[in-house]
Amino acid sequence: MENQHPPLNLHFIPFLAPGHLIPLCNIATQFAARGHRVTVITTSSYARILRKSSPSLLLHVVDFPGGEELMSAANDLESARNFFHASMLLRDPISRFLEQHRPDCVVADFFFHWVHDVANNLRIARLAFNGFSLFTVAAMESVKSNPALVPDSGPFVIPDLPHRITLCSRPPKGVSAFMERLLETEMKSDGLIVNSFAELDGEEYIQHYEKGKAHKAWHLGPACLAAKGGEERGEKRVVSEEECVSWLNSKQAKSVVYVCFGSMCRFPDKQLYEIACGLEEAAHNFVWVVPEKKGKEKESEEEKLKWLPKGFEQRNAEKGLIIRGWAPQLVILAHTAVGAFLTHCGWNSTLEAVTAGVPMLTWPVLGDQFYNERLVTEVRGVAVEVGATEWRETGYGEREKLVTGDCIQKAVRRLMDGGDEAREIRRRAQEFSDKAKQAVRDGGSSHNNLTALIAHLTRLRDTR
Ligand code: UDP
């Protein structure tokens, strides 16, 4: 059916941070793989990466209006803010390009909320993308719509959801007001692209969203299954895949804890120190990704002692691999030696773990991560909590509460020492991994959704 119509002309505008750009570009490649003409509008640094990783995508490069072009390079709040403000200045060049090269449909990250007005003026169909699971969108909506039922502090049951879900506390008000405004604009789009698969969010949440909001959600994921292994995915790797694989090859199946907190989270040294203590105490193998301190030459021994106990590297030379910088996460998660993933519950990391069938140890920090934790622990039972309850506004700076080494080692052991609970969690993790892979095969739920979405967009184009 798709072939009877001329291909669609689609423009994708990902936000310039790995957690947004990686999944949306992987989704863009799925449209290109069906023969459609797909242009990604981005800046030169990301264009360089995409040229290598996603050759089926056409690229339109816009100049970044000053400062650091990769959000993950921001090491503190001020540089993150500067980055965000600079990225909003892309409105003019992107709008101009859309006016001059009208696509049949534009798919923009919800941070670029102004695309809504541009698309409306040009009468172009618009799909929104926020990088969240639909479960999380539904939970955020419930918190927003029921202010009287959400206390200012302490745990509460999220009102009006298909399951009884308890959150440790409400999100910080400033951040949720910002998110809520973005979500409102998103609801005015012609539909929402979701990087997940229907079986993980569950029919009950899809119906809850679509009925409640009268807005269509298109589950097209997991996007990571559209990624070709091997490429750089938003940052320069500091370790080769071969090195990681050969280290993992020397370990027994399911014996390694993989520890990584995504692209944006920067823990203070004393929190890193607790992680080191927890990992050492738990006495399992580990791969631990620690963000690089940008702008510094090789770290001195004295500086290292701020975040690593004395002698840690020597004592754990066999057991542990520390990666200071960007790691090939998909390759690590796919390795049979990996038995658990200590994660900040960024949605991409969460979904990548689900897809790989690796149970998670959850340590949310901000934003959607606390909701994601509820989905994979309480609802789907493929993860255990580490016990983080401090909801941060940003990934930077000091914390009031540290997650102690003791909490970390207990959580690691709960999953890695065996026992009935851990076995059951592993069984469910494998079940969801199978479902994830099935979803993108011919006849799978995400595969069918993509077919239906293309037909829908073709109809919209032909009737406009
Ligand atoms: N990632 C990676 N190597 C790293 C850190 C992160 O490949 O060392 C990738 C990870 O696989 C995921 C993305 O970066 O695709 C991070 O997105 P997520 O939503 O998990 O977290 P965020 O970075 O947005 O907080």
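Before we look at the ligand, one definition: a residue is counted as near a molecule if its C-beta atom, placed from the backbone, lies within 6 Å of it. Please also keep in mind that what we have in front of us is a predicted model.

Let me begin with the shell around the ligand. There are 19 residues surrounding the ligand, and the closest of them are G19, G262, S263, G346 and S349. Two or more residues of this shell come from each of the elements α1 (18–33), α14 (329–334) and α15 (347–356), and it is α15 that gives the most, with four residues. In terms of character, the shell divides into nine nonpolar, eight polar and two charged residues. As for the domains, at least three residues of the shell are drawn from each of domain 1 (9–221 + 440–462) and domain 2 (241–437).

Now I turn to the backbone, where a few places deserve a careful look. G221 and P222 are joined by a cis peptide bond, with omega at about 5 degrees, and P222 sits in the loop between β9 (217–219) and α10 (241–249).

Which residues other than glycine have a positive phi? One of them is K254, with a phi of about 55 degrees, and K254 lies in the loop that runs between α10 and β10 (256–260). Another is A283, whose phi is near 65 degrees, and A283 belongs to the loop between α11 (269–282) and β11 (285–290).

Are these two residues buried or exposed? K254 counts as partly exposed because it has 18 C-beta neighbours inside 10 Å, and A283, with 14 such neighbours inside 10 Å, also counts as partly exposed.

How values were computed:
Residues are numbered from 1 along each chain as its sequence is written. This is a predicted model: local features need pLDDT of at least 70, side-chain atom pairs count only at pLDDT 80 or more; totals for chains, interfaces and linings use all residues. A residue is buried if 20 or more other C-beta atoms lie within 10 Å of its own, exposed if 12 or fewer, and partly exposed in between; C-beta atoms are placed from the backbone. Ala, Val, Leu, Ile, Met, Phe, Trp, Tyr, Cys and Pro count as nonpolar, Asp, Glu, Lys and Arg as charged, and the others, Gly among them, as polar. Domain bounds come from an automatic or database domain assignment.
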